[in-house]
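Subject: Structure for you to look at, with notes

Dear colleague,

I am passing on a structure that you have not worked with before, together with my notes on what was found in it. Please have the model open as you read, since the notes go from one part of it to the next.

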Amino acid sequence: MSELSAVELARIYRARQEVFSIEQNCVYLDADEADEQSYHLSAWSPEHTLPLAYARLVDPGIKYAEPSMGRVITTVAARGTGLGRELVRRVLAASSELYPGQGIRISAQSRLLRFYSEFGFVAVGEDYMEDGIPHIEMLHPAGR
């Protein structure tokens with residue numbers, strides 16, 4: 001895995017702002033200290049300035065005891081192409097490689113429960129509000 005350049009990081013932050021803040025009309029502090037303790041997975045195309053898809057894999061002990069996947073986006077240019085599904089598969093593979101024997105926990109928007117369930121994530125607990133959007137905690141058990 002390689003280091004992100006300052007330009008790549010700035011473009012990732014812009015893509016995250018476009019999806020989370022503008023499209024979802026949600027105001028919250030997207031960039032946080034977890035970014036510094038995460039692996040950043042992204043898909044790029046020479047035809048687009050912003051990444052087509054992005055997710056971060058947060059080290060265990062930062063957000064949850066387990067590794068955590070978050071800030072998962074597919075930008076408008078790539079929606080409906082299957083790139084989001086491929087991104088989640090790659091995050092799961094990276095997590096297994098970096099943190100063998102550990103599950104992965106997420107805070108998923110509740111509307112995406114079925115999407116994440118397709119990858120083996122299981123809902124844990126009840127829905128809750130986060131930044132004005134219904135969420136649910138989900139766990140991908142180790143070895144799945």
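A good place to begin is the largest nonpolar core, which has 21 residues, and in which Met69, Tyr116 and Phe121 touch the most other members. Please keep in mind throughout that this is a predicted model. Two or more residues of this core come from each of strand S1 (38-43), strand S2 (53-58), helix H2 (83-98), strand S4 (104-109), helix H3 (113-117) and strand S6. Of these elements, H2 gives the most, with five residues. A further core of seven residues lies apart from the largest one, and Ile12, Val19, Phe20 and Ile73 are among its members.

Which residues does Met69 reach when its neighbours within four places in sequence are left aside? Its contacts are then Arg56, Val88, Val91, Ile104, Arg105, Ile106, Tyr116 and Phe121, and the last two of these are the residues named beside Met69 as touching the most other members of the largest core.

Those two residues also appear among the aromatic pairs, of which the structure holds three. Phe115 and Tyr116 form one that is edge-to-face, with 5.0 Å from centre to centre and 75° between the planes. Tyr116 and Phe121 form another edge-to-face pair, in which the centres are 5.8 Å apart and the planes stand at 80°. Taken together, ring pairs link Phe115, Tyr116, Phe119 and Phe121 into a cluster. Tyr116 and Phe121 are both buried; Tyr116 is counted in this way because its relative accessible area is 7%, which is under the 20% cut-off.

Ile106 is a useful residue to visit next, as it is one of the contacts of Met69 and lies in strand S4. Is Ile106 buried or exposed? Its relative accessible area is 2%, and therefore Ile106 is buried. With residues up to four places away in sequence set aside, Ile106 is in contact with Tyr64, Met69, Tyr116, Phe121, Ile136, Glu137 and Met138. The contact with Tyr64 joins residues that are 42 apart along the chain, and their C-alpha atoms are separated by 8.7 Å. Tyr64 also takes part in an arrangement with Arg105, whose charged end sits over the tyrosine ring at 5.9 Å from the ring centre.

Helix H2, already mentioned for its share of the largest core, holds two residues that can be set side by side. Ser95 has its place in this helix and is buried, with a relative accessible area of 3%. Not counting residues up to four places away in sequence, Ser95 touches Leu57, Pro67, Pro100 and Ile104. Arg90 lies in H2 as well, but it counts as exposed because its relative accessibility is 53%, and the cut-off for exposed is over 50%. Between Arg90 and Leu41, which are 49 residues apart in sequence, the C-alpha to C-alpha distance is 8.1 Å.

The next feature is the largest pocket, which has a volume of about 860 Å³. Of the 37 residues that line it, Phe20, Val72, Ile73, Leu112 and Tyr116 are the closest to its centre. Helix H1 (6-23), S2, S3, H2, S4, H3 and S6 are the elements that give two or more residues to this lining, and S3 supplies the largest share, with seven residues. Tyr116 thus comes up again here, beside the centre-lining residues Phe20 and Ile73, which also belong to the smaller group of seven described above.

Finally, there are two places where the backbone deserves a look. Most residues other than glycine have a negative phi. Arg71, although it is not a glycine, has a positive phi of about 55°; it lies in strand S3 (residues 68-74) and counts as buried at 15% relative accessibility. Asp131, which is not a glycine either, also has a positive phi of about 55°. In this case the residue lies in the loop between strand S5 (122-130) and strand S6 (133-140), where Asp131 is partly exposed, with a relative accessible area of 38%.

With best wishes

Methods
Residues numbered from 1 in each chain as written. Predicted model: local features only at pLDDT ≥ 70, side-chain atom pairs only at ≥ 80, totals over all residues. Heavy atoms only, no water. Phe/Tyr/Trp six-rings, centres within 6.5 Å; stacked < 30°, edge-to-face > 60°. Buried < 20%, exposed > 50% of the residue type's maximum accessible area, 1.4 Å probe, protein only. Lys NZ or Arg CZ within 6 Å of the ring centre and 35° of its normal. Helix = DSSP H or I, 4+ residues; strand = E, 2+ residues; numbered from the N terminus. Core = buried A, V, L, I, M, F, W, Y, C linked by side-chain atoms within 4.5 Å. Contact = heavy atoms within 4.5 Å. 1 Å grid on protein atoms, 1.4 Å probe; cavity = no way out; pocket = protein on both sides within 12 Å on 5 of 7 lines; lining within 4 Å. Points joined across faces, edges and corners; volume = space filled by probe spheres on them.
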